[in-house]
Amino acid sequence: MATVQFDKATRIYPGAEKPAVDALDIDIADGEFLVLVGPSGCGKSTSLRMLAGLEDVNSGAIRIGDRDVTHLPPKDRDIAMVFQNYALYPHMTVADNMGFALKIAGVPKAEIRKKVEEAAKILDLTQYLDRKPKALSGGQRQRVAMGRAIVREPQVFLMDEPLSNLDAKLRVSTRTQIASLQRRLGITTVYVTHDQVEAMTMGDRVAVLKDGVLQQVDTPRHMYDKPANLFVAGFIGSPAMNLVEVPITDGGVKFGNSVVPVNREAVKAAADKGDRTVTVGVRPEHFEVVGEGGSASSSLSKDSADAPAGLAVSVTVVEETGADAYVYGTVEVGGESKELVVRVDSRAVPEKGSTLHVVPRPGETHVFSTSTGERLSD
Ligand SMILES: Nc1ncnc2c1ncn2[C@@H]1O[C@H](COP(=O)(O)OP(=O)(O)OP(=O)(O)O)[C@@H](O)[C@H]1O
Ligand SMILES: [Mg+2]
């Protein structure tokens, strides 16, 4: 087992103008499950491949344990990688597929057999050891690919979208298996996905990348509660956080008829820079429905005494998932029509075309600088 350190690791592909990965700085603890997530092309695979030794590092360093591996070939790094396209050898049995790397390394036959059987037990593959890959389901093949990595007893597991060949249901069960397997084996793991739900459910910590630049590395809970910038706020969470640009006023930030309390110093800093607006974020589940149809009363500060409290959302679509219902609607903010998503009680779903009055729950609003995207609220 080992720690992993990306120390300002940078990769510039030949002929490229800007780095595919720009000064990546992450310290991964021994035994940790770290997930790299971000949109297509943000540099996830490049980061993983630098750690694997499959891609040059143009500046900075990579360490595994206390070894600087920046310029070591892949075979000397003591890592095992599971790719999206795990391509098992079709003419070999499951057992031979799993033991292949050990055979190449000259490990005695009896020892290979022992390790393969142990791994098969962990992965629930014992009864398939003599089969060929084509006689396995997608999920079983994926587990063989995991087995190939496990038998090598590496210091670090690297996985690049290992579940993307599986259908939606199998992905969910397999991601739970991989996460619990990793915890049982305690092997430091770096896992790449573009799926934020996968990232949030599997990782001890999640690192969000955008355009080759690390945006935030944090526990799933903290990332969700305190996204560091607008990009992370919009990327993590489904349906996404509502983000609305609003004018800065005295005493806070005006959002519809409510004044959202915010860190005054932060807003002042934004105003001092010349910003006239900030961007307020509210997750769909953090709205309180204060009335439907007509006006409603609330304790929130109002523009004028007779204006209905909160934001009037005209309901365009209601999406029911069974456990939850999401209202998609439009709202007038600062004379402009904005889209808003609000989670409502699945037992009290409003009609399409009706008006819903909502207020953001106190303490559940996020404020970001419109110009830089940086988080301004605490
Ligand atoms: N061999 C290469 N030569 C030149 N540019 C490359 C090479 N591989 C990747 N890139 C570029 O580097 C950037 C990062 O690519 P990378 O494969 O790391 O993205 P990713 O986050 O893994 O994306 P995806 O989710 O689509 O797999 C992209 O802009 C890509 O076009
Ligand atoms: Mg990739």
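This passage describes the two domains of a predicted model, the interface between them and the surroundings of a bound ligand.

The domain assignment divides the protein chain into domain 1, covering residues 4-234, and domain 2, covering residues 241-369. Taken over C-alpha atoms, the centres of domain 1 and domain 2 are 40 Å apart. Seven residues of domain 1 and eight residues of domain 2 take part in the contact.

The interface can also be described by area. The size of an interface is often expressed as the accessible area that is lost when the parts come together. Between domain 1 and domain 2, about 660 Å² is buried, and carbon and sulfur atoms account for 61% of it. On the side of domain 1, Tyr224, Leu230 and Ala233 provide 72% of the area buried against domain 2, more than any other three residues. As for polar interactions, the rule finds zero salt bridges across the interface of domain 1 and domain 2, while two residue pairs are in polar contact between domain 1 and domain 2, both at pLDDT 80 or more.

Which elements give two or more residues to the side of domain 1 that touches domain 2? They are helix H7 (220-225) and helix H8 (230-235). Of the elements on this side, H8 gives the most, with three residues. By residue class, the side of domain 1 that touches domain 2 consists of four nonpolar residues, two polar residues and one charged residue.

Following the chain onward from H8, the loop between H8 and strand S11 (242-249) contains Pro239. A cis peptide bond links Ser238 to Pro239, with omega about -5°.

Attention now turns to the ligand. The residues surrounding ligand 1 are Tyr13, Ala20, Pro39, Ser40, Gly41, Cys42, Gly43, Lys44, Ser45, Thr46 and Glu161. Several of these residues place N or O atoms within 3.5 Å of an oxygen atom of ligand 1, the cut-off for a polar contact. For Ser40, an N or O atom in the side chain is 2.6 Å from an oxygen atom of ligand 1, and for Lys44 the corresponding side-chain distance is 2.8 Å. With Cys42 the backbone is involved: one of its N or O atoms lies 3.2 Å from an oxygen atom of ligand 1.

Glu161, also among the residues around ligand 1, deserves a separate look. Glu161 sits in the loop between strand S7 (156-160) and helix H5 (168-185). Although Glu161 is not a glycine, its phi is positive, at about 45°.

How values were computed. Residues numbered from 1 in each chain as written. Chains lettered and ligands numbered in written order. Predicted model: local features only at pLDDT ≥ 70, side-chain atom pairs only at ≥ 80, totals over all residues. Heavy atoms only, no water. Domains from an automatic or database assignment. Contact = heavy atoms within 4.5 Å. Buried area = accessible area lost by both parts, 1.4 Å probe. Salt bridge = Lys/Arg side-chain N within 4 Å of Asp/Glu carboxyl O. Polar contact = N/O pair within 3.5 Å; in protein donor to acceptor, adjacent residues only side chain to side chain. Helix = DSSP H or I, 4+ residues; strand = E, 2+ residues; numbered from the N terminus. Nonpolar A, V, L, I, M, F, W, Y, C, P; charged D, E, K, R; others polar. Near = heavy atom within 4 Å.
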